[in-house]
Amino acid sequence: MYIGVDYYPEHWPEERWSTDARLMQEAGFNVVRLGEFDWVNMEPEDGVFTFAKWDRALAALAERGLSAILCTPTAVMPAWVAHKHPETLALQKDGTRLTWGVRKNNCFSSGTYRFLSQRITRAMAEHFADTPNVIGWQTDNEFGNPFCYCASCRADFQHWLRRKYETLDELNRAWGTHFWGHRIQSWEEITIPDDATSHNPSACLDWQRHFSWMNVRFQHEQVEILRAGCPRHFITHNFMGLFPELDYYDLAKDLDVVSWDNYPVWGAPEVRYDSSMAADLMRGLLARNFWIMEQTAGPGGWGAYGRNPRPGELRNVCYQQLAHGADAQVWFRWRTCTAGREQYWHGLLGHDGRALRRYQEAAQTAGEYRTLEKALAGTTVKADVAILYDYDSLWAVRIQPGYGGNDYTTAVRRFYRALFRAGVNVDLIPPTADFSLYKAVFAPDLCVLPDALAEHLAAYVKRGGVLLSDCRTGVKDATGLCHERTLPGLLAPVFGIEIQEYDAVPGNVTHAISGRAPIAGSFNATLSTDWVIPGTAEVLASYQDWHLQAYAAVTRNRCGDGWGYYVGTVAKEDAFYDAVVAAVLASAAVQALVTPPAGVEVSRRQGPKADLLFLINHTEEPKAVTVPAGKTELLSGKKTRRELLLERFGVAVIQL
Amino acid sequence: MYIGVDYYPEHWPEERWSTDARLMQEAGFNVVRLGEFDWVNMEPEDGVFTFAKWDRALAALAERGLSAILCTPTAVMPAWVAHKHPETLALQKDGTRLTWGVRKNNCFSSGTYRFLSQRITRAMAEHFADTPNVIGWQTDNEFGNPFCYCASCRADFQHWLRRKYETLDELNRAWGTHFWGHRIQSWEEITIPDDATSHNPSACLDWQRHFSWMNVRFQHEQVEILRAGCPRHFITHNFMGLFPELDYYDLAKDLDVVSWDNYPVWGAPEVRYDSSMAADLMRGLLARNFWIMEQTAGPGGWGAYGRNPRPGELRNVCYQQLAHGADAQVWFRWRTCTAGREQYWHGLLGHDGRALRRYQEAAQTAGEYRTLEKALAGTTVKADVAILYDYDSLWAVRIQPGYGGNDYTTAVRRFYRALFRAGVNVDLIPPTADFSLYKAVFAPDLCVLPDALAEHLAAYVKRGGVLLSDCRTGVKDATGLCHERTLPGLLAPVFGIEIQEYDAVPGNVTHAISGRAPIAGSFNATLSTDWVIPGTAEVLASYQDWHLQAYAAVTRNRCGDGWGYYVGTVAKEDAFYDAVVAAVLASAAVQALVTPPAGVEVSRRQGPKADLLFLINHTEEPKAVTVPAGKTELLSGKKTRRELLLERFGVAVIQL
Amino acid sequence: MYIGVDYYPEHWPEERWSTDARLMQEAGFNVVRLGEFDWVNMEPEDGVFTFAKWDRALAALAERGLSAILCTPTAVMPAWVAHKHPETLALQKDGTRLTWGVRKNNCFSSGTYRFLSQRITRAMAEHFADTPNVIGWQTDNEFGNPFCYCASCRADFQHWLRRKYETLDELNRAWGTHFWGHRIQSWEEITIPDDATSHNPSACLDWQRHFSWMNVRFQHEQVEILRAGCPRHFITHNFMGLFPELDYYDLAKDLDVVSWDNYPVWGAPEVRYDSSMAADLMRGLLARNFWIMEQTAGPGGWGAYGRNPRPGELRNVCYQQLAHGADAQVWFRWRTCTAGREQYWHGLLGHDGRALRRYQEAAQTAGEYRTLEKALAGTTVKADVAILYDYDSLWAVRIQPGYGGNDYTTAVRRFYRALFRAGVNVDLIPPTADFSLYKAVFAPDLCVLPDALAEHLAAYVKRGGVLLSDCRTGVKDATGLCHERTLPGLLAPVFGIEIQEYDAVPGNVTHAISGRAPIAGSFNATLSTDWVIPGTAEVLASYQDWHLQAYAAVTRNRCGDGWGYYVGTVAKEDAFYDAVVAAVLASAAVQALVTPPAGVEVSRRQGPKADLLFLINHTEEPKAVTVPAGKTELLSGKKTRRELLLERFGVAVIQL
């Protein structure tokens with residue numbers, strides 16, 4: 001198992017390297033990631049490459065048994081690139097180029113930048129292909145910025161559209177340019193829709209897709225070179241969890257393994273739903289375990305930093321990822337840099353370079369991981385429940401939310417969090433996934449619903465699946481045109497309802513909901529109501545207001561061998577989602593092994609030889625959990641009783 | 001009476017047109033408005049005109065007895081215009097041009113755009129002059145955007161100033177360029193005051209006037225062509241109620257009738273003061289009845305939509321306009337477009353094209369209107385009370401509010417709403433109006449008070465009129481220079497007071513006010529206090545604070561045969577304005593026919609043959625109103641008793 | 001003593017000048033400041049100078065015994081300058097130049113603007129050198145704006161860096177460009193760090209210093225000309241108190257006297273800590289008394305104005321400055337201008353030009369000052385306590401606050417206000433000051449702590465001084481690199497503590513603090529905690545939270561003959577700072593002569609012949625103060641008893 005740290009030898013005098021490598025080894029580390037920002041040292045002049053310093057750094061690490069993941073350094077262009085080729089800097093909406101002196105400021109359509117990127121990648125691949133302790137590559141760093149509005153990007157967009165739609169007639173149809181008389185009569189007329197609040201939403205959606213595609217293309221050009229030059233090395237990229245600008249499924253396709261950067265320690269301590277959900281998405285990108293490439297090692301921030309992790313909190317954060325399928329653990333960063341914009345993005349060591357509390361905690365965690373290593377081998381999360389996570393819907397909702405406050409990821413969170421509280425593992429999956437692998441599929445806020453996907457989902461339910469959707473599902477087709485079918489369109493037989501009208505609910509207004517079993521209780525509808533007319537569906541919850549009494553808030557419908565649940569609104573209460581999720585799980589015959597108390601997370605990794613139950617206390621109070629008795633808790637080596645006590649931020653790993 | 005809908009045949013396949021026309025006819029419609037965004041179909045290439053499709057659409061409508069109002073389509077330029085003539089796109093402050101792909105993005109000083117606008121207008125006028133069911137024209141669509149900062153607009157501004165001021169000496173005097181050493185020594189030195197918070201306020205005021213004038217000029221060029229080409233057709237424009245960027249009096253001068261776009265359904269239901277006030281302004285533009293050209297037909301919005309009108313609410317909204325003088329009713333829009341930025345701006349029909357609830361409600365309303373048609377003929381609102389609504393003051397206050405939170409329209413609203421609650425009809429009139437037609441004139445926040453207007457108002461009072469003004473009235477002259485007279489300047493004899501000092505009141509501070517009859521009660525002064533020294537005036541309300549005890553909050557003064565009321569502050573309480581308005585109405589011997597309960601609106605239309613009292617319940621609760629007994633309520637056909645019950649959103653029309 | 005007003009003869013007809021001069025004389029004035037915005041009248045055409053009108057204005061003032069301070073008029077360029085030389089207008093980040101028509105819109109690196117500035121300065125110096133009533137000069141007006149991003153400023157910045165660092169190696173070291181691979185390899189590669197939230201903080205800090213230096217250079221070029229041409233005249237500039245953009249110590253160096261513009265009357269009345277603190281800083285710039293060049297004369301504001309000073313408040317504001325070392329009092333402005341952006345920035349006279357209430361109050365104050373004049377002669381504030389006020393730290397914290405909500409001036413305020421409440425005078429001093437002049441030195445938030453300064457402070461304590469610092473002190477060196485020493489670095493022996501970790505506290509979180517004598521009580525830590533490990537230090541306050549129990553909140557350490565106090569956090573309560581300050585004062589044996597009640601300010605001016613105690617009531621309630629009995633209160637001429645009663649806004653001046 002790879003455990004290690006992100007290291008910047010270029011930040012420190014060479015004399016310090018051996019001390020650093022020794023301290024890493026003493027902490028139990030066996031890997032470092034390096035080089036993503038050091039282009040200028042590798043190519044100090046246009047076309048002149050010098051790797052001697054890097055060879056010495058790698059050798060110093062090798063002496064302490066540390067393997068290396070190298071990065072293509074294209075996340076920061078050297079000053080000479082910007083000075084010599086100003087067109088490589090992204091053009092902003094106001095017509096000025098980004099100023100050199102930050103990072104991630106390049107135009108992705110720039111031929112010059114693509115040429116330079118390929119040249120440095122090739123030079124590194126050639127130089128490091130046979131360096132003994134180099135084991136793999138990270139492409140660039142945290143793809144996803146910046147958007148660029150230059151003539152080259154506009155032409156690239158036009159060309160991309162031409163390949164996608166082939167004819168102007170098809171483009172005009174797909175974008176619905178009959179609206180506002182926006183018919184395009186030559187490809188050159190197409191503009192960048194630079195204001196997503198007023199341009200054609202279909203054009204905006206394609207512009208976002210094109211941006212994502214440009215990043216994928218940029219990475220692909222590097223990957224091709226690395227595959228050819230370093231056939232023994234794996235290739236990864238450090239993703240950013242729930243970062244919304246790129247289609248991460250697409251970006252992952254070229255890679256051997258997905259890794260990601262996890263920074264959950266900011267404000268007051270809280271239950272870490274989002275880092276759990278992000279981990280499940282990262283695992284879903286290639287449907288296998290992932291790595292942590294950057295893990296919180298201290299307070300982070302550019303201007304102001306966040307919270308210093310409390311004693312035990314760093315370890316807690318690591319275990320959450322392990323429990324969700326992390327197969328490697330790399331802290332960010334080794335030592336806090338004394339210079340530059342991330343002076344206050346703290347590492348395991350502070351500015352003073354001393355091996356203090358945070359270092360000790362990382363070392364302790366590494367030691368524990370070594371004891372778990374054999375048990376973990378070959379295990380992964382095997383979920384009965386999936387959430388469909390769809391970038392097209394995410395972007396379409398962002399461009400045009402419909403009801404005020406609608407945000408795709410927030411909509412997904414409502415159900416994810418209830419599943420988390422229920423102690424049930426979840427896969428986040430793309431719309432192209434095989435739904436039949438799951439007993440239940442949640443598809444909230446699935447704004448973009450092409451007919452094929454609707455049919456796919458309907459077939460899944462007919463064959464016995466349980467599907468849940470909620471308000472505003474299925475509004476648009478693949479190019480962002482609204483369907484002409486009355487909602488829920490092709491899913492009508494699944495849900496047994498019809499929606500003729502719908503209503504945005506202003507921020508300060510709520511409508512009372514009464515639920516009956518299995519979702520008994522009083523709740524409050526906010527943000528939006530579909531005016532759901534039940535057909536064959538059973539009404540599980542209704543409204544009280546005079547104008548909504550005819551409509552259902554929640555319905556359940558038998559369809560073939562399966563069930564369709566429809567939630568017609570956004571409720572204010574977590575308890576509402578807990579009840580709805582419990583009902584869906586019951587219909588799907590999914591049962592949690594352990595029902596955790598508030599603030600405790602449960603996750604399970606299973607493999608041919610092991611079945612491991614992780615319990616993670618996200619709170620600063622001790623927590624008692626009812627667990628299967630008589631099993632071995634691997635960290636203590638003790639047998640479990642019915643009640644297991646987790647200390648503050650505590651974790652347990654039970655071999656089932 | 002024209003009742004109809006805004007229709008976009010270009011959004012739908014030709015096969016659908018006959019169905020749409022039939023459904024319109026069945027709903028009782030007899031008119032449609034068309035074409036304002038379809039330039040690209042009429043002139044697909046530079047100078048090539050094709051109207052065949054439009055001829056077919058008009059014919060399909062004619063078959064169902066539907067008349068047509070055509071629009072000049074200059075609110076959206078075709079893509080080829082922007083591509084071929086980039087100078088037609090407005091230049092933003094940051095030096096970039098607006099991107100093609102939205103609407104209303106043209107520069108109004110562009111010679112190219114004016115040329116193209118006139119050419120398409122001429123081509124349409126020639127083509128449609130004799131189309132039988134075409135009855136009139138709408139110029140462009142919702143004038144008022146965008147501001148442009150290009151060299152051509154700057155030169156146009158300089159030229160406009162030259163014609164206005166003739167000499168640089170006069171310009172320098174009028175703008176007071178002695179301040180900050182800003183003397184202009186050649187017309188070319190004049191810049192666009194692009195930051196209204198730091199440039200010379202007089203320059204800013206003229207820049208706003210010039211923008212308004214450019215819109216008027218642009219419309220005028222189209223009107224001249226339409227008058228010449230289509231002498232049988234009327235010409236209108238769709239105004240936007242309280243939209244503040246244009247001098248609407250000026251824009252209306254060229255037109256036969258004012259029409260406007262009314263979208264009051266957004267957040268939680270509320271008493272609709274603003275759509276009532278807007279209607280009274282629309283009626284005031286040409287001092288006659290107006291049309292509704294776009295009326296809420298469903299939830300509207302570009303990114304997020306607002307509320308879905310409740311059952312009965314669409315009808316309620318229509319009747320409010322009818323009661324204030326609407327002579328035609330056109331819903332926006334027919335069917336919700338499945339494409340483009342207004343995908344979620346809903347029509348009477350949804351995306352599915354079915355004739356559902358909102359359609360039915362519109363049809364019901366149309367049917368009722370037909371029964372009222374004879375009674376309505378020749379009637380209009382005849383008000384005893386006027387509010388002076390002045391764009392110069394509106395703009396001057398916006399450029400330089402004086403006290404924080406001062407907004408001209410909000411100041412007007414305070415008195416308008418109290419008059420609404422009192423059940424009294426009001427005309428909103430320009431400063432050039434004949435005040436002698438009114439028993440009382442309210443002139444709140446009349447910041448810009450040229451001497452001629454002050455003398456006009458004083459003469460009105462001397463001859464028996466009742467005038468009310470409030471704090472900061474009369475501060476500036478016509479070019480925005482402050483008067484050198486101690487306030488209230490030439491109105492001092494009218495109000496019998498002197499104001500040597502005044503004070504901005506911070507947001508969290510109030511000063512207690514005690515009123516005596518006729519405005520007895522305790523109130524709180526906010527935002528601003530004029531330190532009013534009563535001369536001949538009677539003090540109706542005073543302050544409690546130590547530093548204000550010498551000053552009056554409200555005064556009343558006998559002047560000639562009339563009365564001058566002065567309100568020296570902004571009170572927090574509606575009750576304050578109710579009391580002040582009651583006092584003014586008493587002085588003016590104006591009495592309401594019906595005193596409505598809270599949430600119910602009263603309006604009256606009178607003509608040679610009829611006198612109609614409208615009662616409109618804006619609430620979701622039934623309301624009982626005391627009305628003249630023994631009259632006929634026209635919608636039910638029943639005789640009235642002393643108490644009339646309005647259901648939720650209900651309306652009644654009593655023939656007096 | 002100079003008492004007077006800022007006057008704009010160019011705003012009024014010449015006929016009015018004699019009336020104005022007479023009214024000034026009658027108010028007791030003997031000085032006016034003039035001309036800072038009137039370049040266009042002095043040089044109406046390029047290179048053509050006409051001073052005749054100014055000669056007449058000066059003569060009119062001379063007739064009434066009024067001396068004149070003239071300004072170089074470079075704060076507003078004439079229209080012809082901008083029209084002929086557009087490069088003199090500052091370039092904004094979006095690539096557009098500021099529009100002519102405001103003030104302070106010039107680029108400071110523009111050769112053209114520097115040439116024109118020197119030429120008009122020389123012409124004025126030559127013309128007015130011997131005008132009898134001209135006594136001195138003000139350079140420009142309120143230096144500090146705007147930042148410019150043009151090619152010339154970039155080149156100027158590169159050149160400035162070259163002179164500062166001499167070699168690129170040194171620049172790269174000083175900026176730590178090893179971070180993000182930002183090594184600079186030619187001076188031309190250096191960019192303007194135009195986004196202080198993402199560029200290298202060291203580069204941002206130097207960019208701010210360069211901007212400050214450009215202003216100083218611009219002034220210096222004028223000062224050289226004035227010194228040569230008008231050797232008899234003094235030179236000043238009107239500073240802006242706590243304005244943060246310039247190093248005011250540096251700007252003051254070229255001047256004979258510091259003057260400043262004081263506008264404390266805006267919102268609800270309050271204790272005026274900031275105008276007191278600003279006065280102490282103004283006095284600290286040259287370590288001597290200062291002038292008031294612009295003093296609130298009425299409501300001020302560009303768009304919306306603030307509060308009208310209450311009766312007695314104008315006088316109160318004046319006395320506060322007098323008490324802190326003002327040696328001249330000039331009101332802004334004489335008469336409210338009827339034109340331009342400052343139409344509502346009110347003077348002693350309103351638009352009507354009448355000598356009303358505010359004029360009378362100014363006249364009364366002037367009269368009182370005359371009676372105090374003899375006593376005041378030779379007196380100044382002699383403080384035992386200093387606060388180190390450091391622009392490098394201010395800027396470094398602004399660029400990178402570290403913990404959220406950290407603002408340097410706010411940090412200083414916490415201690416300043418407690419000292420104000422304690423009735424103790426304070427000097428605000430630069431880091432180069434001689435600390436041995438003070439019994440106690442407060443150095444809060446001293447982020448930038450070069451080794452020499454640390455050693456200087458440590459030596460001060462060892463020799464008996466009392467030093468207080470607080471959290472995040474000493475993080476960076478002179479170029480903004482973080483020290484590699486464990487905090488508090490070189491100050492560790494002074495404070496007897498070590499700080500291995502620190503923590504940002506989110507906005508809604510607090511940590512309970514318990515203090516013991518001398519700072520007994522319960523308080524709440526916010527914003528940030530240093531995790532202070534006491535060494536030799538005594539712990540004066542501790543935390544309650546589980547993770548902080550090992551750390552000290554406040555410590556005190558004996559070091560040599562002095563004391564080091566360390567406050568490891570930001571407390572919510574004023575009482576905390578009152579207690580800490582009391583402890584420090586006790587250690588330093590500093591005792592207040594009078595302990596004022598809440599809302600009353602105490603200050604003392606001492607000289608060879610007089611010792612004056614000022615008491616100022618900032619509230620609208622009368623206040624009783626315990627004072628030394630049997631002394632003379634100079635305004636009333638009465639002997640003091642033990643209790644002295646101050647009326648609302650009242651002041652007393654006791655001859656000790």
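**Exercise 1. Find the operation that superposes chain C on chain B, and name the axis it belongs to.**

*Solution.* Start with the rotation: in this predicted model, turning by 120° superposes chain C on chain B, with an RMSD of 0.0 Å. Next, check for sliding: the shift along the axis is 0.0 Å. That is the relation of a three-fold axis. Now look at the surfaces: the copies use different ones, as 4% of the contact residues of chain C recur in chain B. Finally, locate the axis in the structure: Asp94(C) is the residue of chain C that comes closest to the rotation axis, with its C-alpha at 3.4 Å.

**Exercise 2. Describe the contact between chain B and chain A, then look for strand pairing across the two chains.**

*Solution.* Begin with the counts: chain B brings 49 residues to the contact and chain A brings 44 residues. Then ask which elements take part on the side of chain B that touches chain A: α2 (39–42), α4 (79–84) and β8 (304–305) of chain B each supply at least two residues. Sorting that side by class gives 21 nonpolar, 17 polar and eleven charged residues.

The strand β8(B) appears again in the second part of the task. Strand β10 (residues 402–403) of chain A pairs with β8(B) in the parallel sense, over two bridges. To spot this pairing, look for Tyr403(A), whose bridge partner in β8(B) is Tyr305(B).

**Exercise 3. Trace the barrel of chain A and follow one of its strand pairs.**

*Solution.* Walk through the strands in order: β1-β2-β3-β4-β5-β6-β7-β8 of chain A, eight strands that close into a barrel with parallel pairing. From one strand to the next, the twist averages 30°. For a single pair, take strand β5 (residues 234–239) and strand β6 (residues 257–262) of chain A, which pair in the parallel sense over four bridges. Here His237(A) has Val258(A) as its bridge partner in β6(A).

**Exercise 4. Divide chain A into domains and examine where domain 1 touches domain 2.**

*Solution.* First, mark the domains of chain A: domain 1 (2–148 + 205–376), domain 2 (385–587) and domain 3 (600–655). The C-alpha centres of domain 1 and domain 2 of chain A lie 37 Å apart. Their contact takes twelve residues from domain 1 and 17 residues from domain 2 of chain A.

On the domain 1 side, α8 (201–229) and α10 (273–285) of chain A are the elements giving two or more residues. Of these, α10(A) gives the most, with six residues. By class, that side divides into seven nonpolar, three polar and two charged residues.

Note on methods. Residues numbered from 1 in each chain as written. Chains lettered and ligands numbered in written order. Predicted model: local features only at pLDDT ≥ 70, side-chain atom pairs only at ≥ 80, totals over all residues. Least-squares fit on C-alpha atoms with pLDDT ≥ 70 in both. Contact = placed C-beta atoms within 7 Å. Nonpolar A, V, L, I, M, F, W, Y, C, P; charged D, E, K, R; others polar. Pairing = 2+ DSSP bridges. Axes fitted to C-alpha atoms, helices over the stretch in contact; angles between N-to-C directions. Domains from an automatic or database assignment.
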